[in-house]
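Good morning, colleagues. Please look at the sequence and the model on the screen while I take you through a few of its features.

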Amino acid sequence: MRERALPIRAAVPVALAAAGLLLTGCGTTPAPVAPARTAAPKAGASNAAAPTAGVPKAAATLGGPGTACALPVSFALAERWEPEAIDDPENPEFAALTRQGPAVVRCEVDAKGAGHVGYLRIWTAGKGPARTALEGFVKAERKTSKVAYRETGAGALPATEVTYTVANELMEESKEERAFAVSTSKGVVIVHLGGLDTDEHRAMIPAYELAKSTLKAL
């Protein structure tokens, strides 16, 4: 599987990048989005997750030997979610795209094949408390509000999770986002769920929960 090239991402118009619309690589045409499904409820004043569909089918494992992305952890991917490694994430020329606070993005899992406009992104940071890295990650995000942290678990590992809203300038509204972080012997791993808007985000929560419940340190 080819790696996702960040120089190509840098050429995407700012409006599309803000909306979370993803390209599949150099010179290729994005796959069509699956037919529309019934929308989840619009976001209200709370960051609490809306009811979502049941646990999706696990189609593959990401993170282990021979998978698309070399990571300090592995977890199950939902059916039709497509992972690609980020090309040259340590290159300082692309720091604005590959770094957020203390974290560097390593892998992006596109939900387009499952009929969603969104993604899971996996980031890594140096060794230390998971919450410290996650707080730095969120603080580096622009225009956040309703930030709420909680201690939880990811597989057999203790984890810190955050839910928050981000101002979506293109859509002229705020959208929900969430992430969890775990500390491993190789550093902190952050798994972040984004999406075009709150409806898309909420529809993808089951795939995020599948990743969290099956996570293992490598």
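I shall begin with confidence and overall make-up, then turn to one helix, the aromatic pairs, a glutamine, and finally some loop and backbone details.

What you see is a predicted model. The average pLDDT of the protein is 81, and 75% of the residues reach at least 70. One stretch calls for caution: over residues 1-52 the pLDDT stays under 50, although the model has 103 contacts there beyond four places in sequence. Where pLDDT is low, the predicted coordinates should not be read in detail. I shall therefore not interpret that stretch in detail.

As to the overall make-up, the secondary structure comes to five helices and 12 strands. The protein has 218 residues, of which 47% count as buried. If we take the contacts with a separation of 6 or more, 59% of them are between residues 24 or more positions apart.

Let me turn to helix α5, residues 198-214. How many of its 17 residues are buried? The number is 13, so the helix is largely enclosed by the rest of the structure. For 17 residues at 1.5 Å a residue one expects a span of 24 Å, and the end C-alpha atoms are indeed 24 Å apart, in agreement with that value. There is nevertheless a bend of about 40° in α5, located at isoleucine 205, and a proline follows within four residues, namely proline 206. At the start of the helix, a side-chain oxygen of aspartate 197 comes to within 3.2 Å of the backbone nitrogen of aspartate 199.

Next, the aromatic residues. A search of the whole structure yields two aromatic pairs. One is formed by tryptophan 123 and phenylalanine 137, with 5.1 Å from centre to centre and 70° between the planes, an edge-to-face arrangement. Since tryptophan 123 belongs to strand β7 and phenylalanine 137 to helix α4, this pair ties together parts that are 14 residues apart in sequence. Both tryptophan 123 and phenylalanine 137 are buried.

The other pair brings us back to α5. Phenylalanine 180 and tyrosine 208 have ring centres 5.6 Å apart and planes at 70°, so this pair is edge-to-face. Phenylalanine 180 is in strand β10, residues 173-184, and tyrosine 208 is in helix α5, so the pair links parts that are 28 residues apart in sequence. Are these two residues buried or exposed? Phenylalanine 180 is buried, with a relative accessible area of 0%. Tyrosine 208 also counts as buried, at 0% relative accessibility.

I now come to glutamine 100, in strand β5, residues 99-100. Why does this residue count as buried? Its relative accessibility is 13%, and buried means under 20%, so glutamine 100 falls in that class. Which residues does glutamine 100 touch, leaving aside those up to four places away in sequence? They are Trp123, Phe137, Ala140 and Glu141. Its contacts thus include both members of the tryptophan 123 and phenylalanine 137 pair. Moreover, the glutamine 100 side chain reaches the backbone oxygen of phenylalanine 137 at 2.9 Å.

Two loop residues deserve a place here. Proline 129 sits in the loop between β7 (118-125) and α4 (130-139), and proline 129 is exposed at 54% relative accessibility. Its C-alpha atom is separated by 9.2 Å from that of alanine 181, which is 52 residues away along the chain. Serine 185 lies in the loop between β10 and β11 (187-195), and at 57% relative accessibility this serine is exposed as well. From serine 185 to glycine 126 the C-alpha distance is 9.8 Å, with their positions 59 residues apart in sequence.

Finally, the backbone. Most residues other than glycine have a negative phi. Arginine 80, which is not a glycine, has a positive phi of about 70°. This arginine is found in the loop between β3 (73-78) and β4 (82-87), and arginine 80 is partly exposed, with a relative accessible area of 47%. Lysine 146 likewise has a positive phi, near 50°. Lysine 146 lies in strand β8, residues 144-154, and is partly exposed at 43% relative accessibility.

Thank you for your attention.

Note on methods: Residues numbered from 1 in each chain as written. Predicted model: local features only at pLDDT ≥ 70, side-chain atom pairs only at ≥ 80, totals over all residues. Heavy atoms only, no water. pLDDT = per-residue confidence, 0-100. Contact = heavy atoms within 4.5 Å. Buried < 20%, exposed > 50% of the residue type's maximum accessible area, 1.4 Å probe, protein only. Expected span 1.5 Å × (residues − 1). Bend = angle between axes of the 7 residues up to and from the residue. Polar contact = N/O pair within 3.5 Å; in protein donor to acceptor, adjacent residues only side chain to side chain. Phe/Tyr/Trp six-rings, centres within 6.5 Å; stacked < 30°, edge-to-face > 60°.
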